[in-house]
Amino acid sequence: MECNDLEDLWRSISTHTSNSLLKKHLSEEKYIHLKKRSTKYGTTLADVIRSGCKNLDSKVGVYACDPESYKVFKDLLDPIICDYHRVKEVNHPKCDYGDVAKLNFRKLDEAENYIISTRVRIGRCHKGFSFPPILTNVQRKEMEEIIVKALNTLEGDLKGAYHSLESMSRNEYQQLVDDHIMFRDDNHTLRDAGGYDGWPVGRGVYLNNKKTFIVWVNEGDHLRFISMEKGSDLSSVYKRLIFALQQVEMKVEFAYDDKRGFLSNCPSNLGTCLRASVHLKMPELERCQEILNDICERHNLQLRGVNGEHTESAEAVYDVSNKRRLGLTEYQAVCEMYNGVEELIKTEQQLEEK
């Protein structure tokens, strides 16, 4: 990486206003300390900070480009991780999905007046491979072959088929996007982090026959396992996801760190790499932003538009999810979302009665 590239990136983030965690934690002293470092995969500081320097509206602003980045650039990444996940130190508990067989979350919205759909997803990266933009097309194809072989062994409700982005038509791709099944290549922060390099090589989606379980292959993270269905049956969604994940874990090794949990290319998605969410309609709370923000703050919830990060809500429908992924178990992360959504619905009902 040319020195001038890094200097230009540093000049951008250091001389402009930004609310990103990168801006907050990358001091000049730290920049000088880290600027000549690189990992065995070839990742440099420029690779780590490029997206945040080009997108000053970023909330986080950094990407780890390989597993070793978290140690080589820990002086920058660890404070960002602690800040985002609201922990005092980078220390993640052992994986714990809870007693899945006995799990029984009460439906929060039996009448389906507020919750449109429920989704739980978990990100994973293959052990021994780098992340974008260091990742090559050859490596993407190799990982695609490994995961498709494992997914094709799934049976019962999980049985389905893999759809390669390389071989499908544009119309087929657009239909999957419209059905909220396929990922897109329009996230500007991920693009500047190299997330779409080599598009569409080695990319695709596994979809079960009931369209309730999907796996994204080589979007940003290597893998995203997603379980979803209409309504508010969180138990059904969560059990399906964990059962599928455990089946794949017997055949595929994932990148893991004792302090950081399961690894991802984005520090906001470390640890459990789990995001439990609902599409929640709340027109009254939308008009009471102070109350809405207070509930989300207390329960560590993240609000996004229905089409994901950097999108707006539509007809007062928000994507509501747990924000923290590190420092708590998978089961605790799901409960955090559940408890927060429960209060949001109760508050929405109270506001309706006024």
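**Exercise 1. In this predicted model, are Phe183 and Trp216 buried or exposed?**

Solution. Buried means under 20% relative accessible area. Phe183 has 2% relative accessibility, so Phe183 counts as buried. Trp216 is buried as well.

**Exercise 2. What kind of aromatic pair do Phe183 and Trp216 form, and which parts of the chain does the pair link?**

Solution. Start with the geometry: the ring centres of Phe183 and Trp216 are 5.4 Å apart, with 65 degrees between the planes. Centres within 6.5 Å make a pair, and planes over 60 degrees apart count as edge-to-face, so the Phe183 and Trp216 pair is edge-to-face. Next, find the two residues along the chain: Phe183 sits in the loop between H8 and H9, while Trp216 belongs to strand E4 (residues 213–217). They are 33 residues apart, and the pair links distant parts of the chain.

**Exercise 3. How many aromatic pairs does the whole structure hold, and what is the geometry of the one between Phe183 and Trp199?**

Solution. Searching the whole structure gives 9 aromatic pairs. In the pair of Phe183 and Trp199, the centres are 5.8 Å apart and the planes meet at 85 degrees, an edge-to-face arrangement. This pair also links distant parts of the chain, with Trp199 in the loop between H9 and strand E3 (204–208), 16 residues from Phe183. Trp199 has 25% relative accessibility, so Trp199 counts as partly exposed.

**Exercise 4. Which residues form one aromatic cluster with Phe183?**

Solution. Add Tyr196 to the two tryptophans you have met: Phe183, Tyr196, Trp199 and Trp216 form one cluster.

Key
Residues numbered from 1 in each chain as written. Predicted model: local features only at pLDDT ≥ 70, side-chain atom pairs only at ≥ 80, totals over all residues. Heavy atoms only, no water. Phe/Tyr/Trp six-rings, centres within 6.5 Å; stacked < 30°, edge-to-face > 60°. Helix = DSSP H or I, 4+ residues; strand = E, 2+ residues; numbered from the N terminus. Buried < 20%, exposed > 50% of the residue type's maximum accessible area, 1.4 Å probe, protein only.
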